[in-house]
Amino acid sequence: MEAETITSKIFEDVIRRNSGESDFHQAVKEVLETLGPVLKKHPEYVDYKIIERICEPERQVIFRVPWQDDQGKIHVNRGFRVGFSSLLGPYKGGLRFHPSVYLGTIKFLAFEQVFKNAITGMPIGGGKGGSDFDPKGKSENEVMRFCQSFMTELYPYVGGNIDVPAGDIGVGAREIGYLFGQYKRITHSYESGVLTGKNPKWGGSLARKEATGYGCVFFVDEMLKVRGQTLEGKNCLVSGSGNVAIYAMEKLTAFGAKVIACSDSNGVIYHPQGIQLATVKEIKEIKRQRIHLYTHEHKEAQYIEGGNIWDIPCDIALPCATQNELDENSARKLVANGCIAISEGANMPTTPGGVKVFHEAKIAYGPGKAANAGGVATSALEMQQNASRDSWSFDTVEQRLHSIMKNIHQECFETGAKYGYSNNYVVGANILGFRRVAEAMLAFGVI
């Protein structure tokens, strides 16, 4: 049977068994469509049902999260934790608190995490979790009470050698602190390695906050080097204004690029003279307000309510907000306006139609499972520090992160070329991650 026929049948079964989970379907399809060449070279993967097993989570935990607001009103949210693969190490992946979260969201993120974690070369498996809770507009005490209730249900399923959650959208150092505090309270044990993304003062790693954004920039820098170019003097768009976007902007500026626009879910800030990062940090990290306040400090900047950041001409685009934020029409606009490289800071931010446009235009396109792997790689470095009761300097962590991202780029580039897809980082990343997990499956037997 032809490889394409095999993967098509597997995908049909995935849809049948996971009905209504469109995000998960999209993530699986994107991987399966690239595996034909590797299945032809390794028929044993078909014989041992490797793909079928990879597409089924090892475990899925769904639980109720009741909590009380400051007025005494009781609310009930739903919590999730999906462990997709522990073949290479304990489940590793963040927690997302956002009203859009449902099981399909968590499964897509966990599935992507398996391959992302595998290509880092670190000993970590893939998982993801979260809740449909929205921390926006909540008081500190409300966020604390929700996190305590969430961890009360989650704690039996996590541990340094079992499952190590971290942050994601809606979950930063504040939420990780409340979650860790509740875990410690319940277990009467100080297990630093049970969560990553902690404050460096109590077991966190320096440079972890910056890692995903920095890593995304390191990756696009490597893609440009292959093409004989650099980031110096390039005009850049960075969607979002959260943790990933902020530190991507910081590192782009350090490389001599100019960020001319960023955004949040309400609109876009366009500042041709260059985004002033200190203002963005104050609005988002301190005040926790909306990005339109930026124009209060910088009158020459333009706020476009409900605007599309990808309509703005640029050289480099970094989608750092959320999944499927960059569609086919936006991709065509970027290409028409002269964009030469895309590096994904978010998970699956470009739709399949958009990815096709980028590949047809032959511009550099770094998919999230490679380009944003710096965050989880640095989480693994935090786990190492926790295990040895050690703490490394910022420079040490950043140097290791830079080295990891260079290696990810090189291995994805070489793997794509090996299987007949030069300069295709999607194929390279998918096959590289898949093979590492597949080989572990063959070695461990039918489990």
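**Exercise 1.** Which exposed residues does the face of H14 turned away from its buried side carry?

*Solution.* The structure is a predicted model.

Step 1. Identify the buried residues: in helix H14 (residues 352–360) these are Gly354, Val355, Val357 and Phe358.

Step 2. Examine their directions. Viewed down the axis of H14, the buried residues lie within an arc of 155°, so they line one face of the helix.

Step 3. Turn to the face directed away from that buried side: Pro352, Lys356 and Glu360 are the exposed residues there.

Step 4. Locate the packing partners. The buried residues of H14 pack against helix H13 (328–336), strand S11 (341–343), strand S12 (364–366) and helix H18 (425–444). Just after H14, Lys362 adopts a positive phi of about 60°.

**Exercise 2.** Determine whether Asp163 is buried or exposed, and describe its surroundings.

*Solution.* Step 1. Asp163 belongs to strand S5 (residues 163–167). Its relative accessible area is 0%, which is under the 20% cut-off, so Asp163 is buried.

Step 2. Beyond its neighbours within four places in sequence, Asp163 is in contact with Arg59, Arg81, Pro90, Tyr91, Tyr157, Val158 and Val194.

Step 3. Among these, Arg59 is joined to Asp163 by a side-chain polar contact of 3.5 Å.

**Exercise 3.** Characterise the largest nonpolar core.

*Solution.* Step 1. This core has 58 residues, and those with the most contacts inside it are Met249, Leu252, Val280, Leu318 and Ile408.

Step 2. Helix H9 (residues 208–226) supplies its largest share, nine residues.

Step 3. A second, separate core of 41 residues includes Phe24, Val114, Tyr419 and Ala438.

Definitions and conventions. Residues numbered from 1 in each chain as written. Predicted model: local features only at pLDDT ≥ 70, side-chain atom pairs only at ≥ 80, totals over all residues. Heavy atoms only, no water. Helix = DSSP H or I, 4+ residues; strand = E, 2+ residues; numbered from the N terminus. Buried < 20%, exposed > 50% of the residue type's maximum accessible area, 1.4 Å probe, protein only. Contact = heavy atoms within 4.5 Å. Polar contact = N/O pair within 3.5 Å; in protein donor to acceptor, adjacent residues only side chain to side chain. Core = buried A, V, L, I, M, F, W, Y, C linked by side-chain atoms within 4.5 Å. Arc of directions from axis to C-beta.
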